[in-house]
Amino acid sequence: MRTKKLLLPLLIALTVIACSDDPSEKATSVEKHKFQKEFADDCVARELKNSVNKVSDTPRIQKSCTCIAKYMMKDLTGIEAEKVLEEDTDTQSLRIRFDNAAYNCLQEDTVKNPKIMGRP
């Protein structure tokens, strides 16, 4: 009888542990920050490769790439972080997230109220 009482909690604990090992769960804080740094560094290197004036473009590119990396890591999953950090691949969801992040981050740099022919 006593063995049955111990067996049930053990079975429940093992079930919970097995179910909680979902690989699509949110990435850890360490994974997210590692992703952010590596993604931003790769972004800067890629953009500077095509730059004509690397010295003057570097601060602007760093700001944009850091913004994009921060935006992308908000809802980063463990699988996505692993694919980028370990396998150096990307997923469709990362491409969509990148496009959205780039749109939002680069909008900050545009003029909010453009003047056309000197008029607001």
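Phe35 sits in helix α2 of this predicted model. With a relative accessibility of just 1%, well inside the cut-off of under 20%, Phe35 counts as buried. Setting aside neighbours within four places in sequence, Phe35 touches Ala69, Met72, Met73, Leu76, Val84, Leu85 and Leu94. One of these partners, Leu85, is 50 residues away along the chain, yet the two C-alpha atoms are separated by 6.5 Å.

Phe35 is also among the residues with the most contacts inside the largest nonpolar core, a set of 17 residues. Phe39, Ile68, Met72, Leu76, Ala81 and Leu94 share that listing. Four helices put two or more residues each into this core, namely α2 (29-49), α3 (54-73), α4 (78-85) and α5 (92-107). The largest share, 5 residues, is α3's. Apart from this core lies another one, of 5 residues, and Cys43, Val44, Leu48 and Ile61 are among its members.

Leu76, another of the well-connected core residues, has a mixed set of partners. Not counting residues up to four places away in sequence, Leu76 touches Lys26, Ala27, Lys32, Phe35, Ala81, Leu94 and Arg97. Of these, Ala27 belongs to the loop between α1 (2-19) and α2. Despite that loop position, Ala27 is buried, because its relative accessible area of 9% falls under 20%. Its contacts, again leaving out neighbours within four places, are with Lys32, Leu76, Thr77, Gly78 and Ala81. Ala27 and Lys74 are 47 residues apart in sequence, and their C-alpha atoms lie 9.7 Å apart.

Back in α2, the buried residues are Lys32, Phe35, Gln36, Phe39, Ala40, Cys43, Val44 and Leu48. An α-helix has 3.6 residues a turn, so residues three or four places apart point the same way. The buried residues of α2 pack against α3, α4 and α5. Gln36, in this same helix α2, is buried with a relative accessible area of 12%. Beyond its neighbours within four places, Gln36 is in contact with Thr66, Ala69, Lys70 and Met73. As for the length of α2, its 21 residues should span 30 Å at 1.5 Å a residue, and the end C-alpha atoms are indeed 30 Å apart, so the two figures agree.

The packing of α2 on α3 can be described in some detail. The two helices meet at an angle of about 145°, their axes 8 Å apart, and the crossing is right-handed. On the α2 side, the contact includes Lys32, Phe35, Gln36, Phe39, Ala40, Cys43, Val44 and Leu48. Facing them, α3 contributes residues including Ile61, Cys65, Thr66, Ile68, Ala69, Lys70, Met72 and Met73. Sorted by class, the contact of α2 with α3 has 12 nonpolar, 5 polar and 6 charged residues.

Taken as a whole, the protein has 5 helices and 0 strands, which read along the sequence as α-α-α-α-α. Of its 120 residues, 27% count as buried. Among contacts between residues at least 6 apart in sequence, 71% join residues at least 24 apart.

Notes
Residues are numbered from 1 along each chain as its sequence is written. This is a predicted model: local features need pLDDT of at least 70, side-chain atom pairs count only at pLDDT 80 or more; totals for chains, interfaces and linings use all residues. Side-chain values use heavy atoms; hydrogens and water are left out. A nonpolar core is a set of buried Ala, Val, Leu, Ile, Met, Phe, Trp, Tyr and Cys residues joined through side-chain atoms within 4.5 Å. Buried means under 20% relative accessible area, exposed over 50%, partly exposed in between (1.4 Å probe, protein chains only). Contact means heavy atoms within 4.5 Å. Axes are lines fitted to C-alpha atoms, for helices over the stretch in contact, and angles run from 0 to 180 degrees between N-to-C directions. A crossing is left-handed if the near helix is turned anticlockwise from the far one by less than a right angle, and right-handed if clockwise. Ala, Val, Leu, Ile, Met, Phe, Trp, Tyr, Cys and Pro count as nonpolar, Asp, Glu, Lys and Arg as charged, and the others, Gly among them, as polar. The expected span of a helix is 1.5 Å times one less than its number of residues.
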